[in-house]
Amino acid sequence: MAQRPPFPARLDFSIGAPSAKTVAIKTVATRADATSARPQKSLEIKTTAGHGMDSDAVRARMVHKLSAMGIVSAPVLRAMGQVERHRFVDTALVNQAYEDTSLPIGLGQTISKPNVVARMGELLLDSALGKAGQLGRVLEIGTGCGYQAAVLAVLAREVYSIERLRGLHDKARANLRPFRLPNVHLLFGDGMLGYAKGAPYAGIIAAAGGDAIPQAWLDQLAVGGRLVAPMVTSGGKQALVVVDKTAQGLKQQLLEAVHFVPLKSGIA
């Protein structure tokens with residue numbers, strides 16, 4: 001069996017794929033379907049039982065607060081407790097890392113509130129495929145600093161995460177490198193195109209809101225899969241939208257108000 005390449009491994013997906021350069025943590029030997037019934041093992045992220053922000057206790061307090069705010073999914077709470085959020089924020093903001101607040105990460109972008117990350121993960125797991133224990137391949141639009149990709153790595157078998165801003169793509173690579181997550185693939189490209197090479201996806205999650213859901217995302221979603229994204233409503237505000245793809249068509253739900261950065265096309 002071929003040895004898994006070290007992080008980061010550069011893969012050439014330029015033939016027959018959207019214009020996106022990719023940096024992946026592992027290669028994919030076969031294009032297994034996103035709904036594959038292969039037994040899914042829970043990925044354990046090693047954490048540091050030290051002092052201050054490295055302490056398990058500070059994350060445990062955050063998880064307790066998330067539970068009090070209505071997050072009930074045990075896998076999501078476990079993932080939020082494993083991933084060290086303070087490693088994804090700037091040093092000057094590290095003391096706010098476990099507060100339920102969004103924080104700037106540079107280039108006009110933010111790391112989402114823990115409650116929002118947990119809520120979106122819980123919605124993915126509540127899909128038809130998630131309930132069946134088949135949350136296989138997930139696509140994240142907007143890698144940002146890499147925090148949500150790390151959380152998704154615990155919840156899904158495989159994660160593709162695409163970022164349009166080179167500076168943030170590089171930052172996410174640096175942030176995720178110490179975790180050595182074997183199931184996370186980082187891509188630099190236009191998130192509005194999705195990533196057809198990895199489709200179909202059991203789940204698609206977006207960290208930026210536009211006026212409509214791009215057709216490419218809907219096309220790349222597997223039957224039984226779910227898309228969770230913010231969208232600008234008729235009133236000009238953003239709300240969380242859930243789209244389920246069934247054999248009969250698409251089913252959309254409009255949920256609570258949220259505030260994300262605007263969805264943009266192209267790379268920068």
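This text goes through a predicted model of one protein chain, from its overall content to a central strand, a helix pair and one buried side chain.

The protein chain has 268 residues, and 52% of them are buried. Its secondary structure amounts to 7 helices and 13 strands. Contacts between residues at least 6 apart in sequence can be sorted by separation: 60% of them join residues at least 24 apart.

A useful place to start is strand β6, which spans residues 158-163. The strand is mostly covered, with 6 of its 6 residues buried. The cover applies to both faces: E158, Y160 and I162 are buried on one side, and V159, S161 and E163 are buried on the other.

Strand β6 has a partner in β5, residues 137-141, to which it is joined by 5 bridges. The two strands run parallel. Within this pairing, I141 stands opposite I162 of β6. Between the two strands the chain passes through helix α5, residues 147-155, and this β-α-β crossover is right-handed.

Strand β6 is also joined to β7, residues 184-189. Here too the link consists of 5 bridges and the strands run parallel. I162 appears again in this pairing, with L187 as its bridge partner in β7. The connection from β6 to β7 goes through helix α6, residues 166-176, in a right-handed β-α-β crossover.

Helix α5, the connection between β5 and β6, also packs with another helix. Two packed helices are described by the angle between their axes and the distance between the axes. For α5 and helix α3, residues 114-125, the axes come within 11 Å and cross at roughly 35°. The crossing in which α3 passes α5 is right-handed. On the α3 side the residues that meet α5 are V117, M120, G121, L124 and L125. On the α5 side, Y147, Q148, V151, L152 and L155 meet α3.

The last stop is a single residue outside these elements. E84 lies in the loop between α2 (74-82) and β3 (103-106). Is E84 buried or exposed? Its relative accessibility is 3%, and because the cut-off for buried is under 20%, E84 counts as buried. What does the side chain of E84 make a polar contact with? The partner is the side chain of R87, at 2.3 Å.

Terms used:
Residues are numbered from 1 along each chain as its sequence is written. This is a predicted model: local features need pLDDT of at least 70, side-chain atom pairs count only at pLDDT 80 or more; totals for chains, interfaces and linings use all residues. Side-chain values use heavy atoms; hydrogens and water are left out. Buried means under 20% relative accessible area, exposed over 50%, partly exposed in between (1.4 Å probe, protein chains only). Helices (H or I, at least four residues) and strands (E, at least two) are DSSP runs, numbered from the N terminus. Two strands pair if DSSP finds at least two bridges between them. A crossover is right-handed if, with the strands pointing away from the viewer, the path from the first strand over the helix to the second runs clockwise. A polar contact is a pair of N or O atoms within 3.5 Å; within protein, one must be able to donate a hydrogen and the other to accept it, and residues adjacent in sequence count only if both atoms are side-chain atoms. Axes are lines fitted to C-alpha atoms, for helices over the stretch in contact, and angles run from 0 to 180 degrees between N-to-C directions. A crossing is left-handed if the near helix is turned anticlockwise from the far one by less than a right angle, and right-handed if clockwise. Contact means heavy atoms within 4.5 Å.
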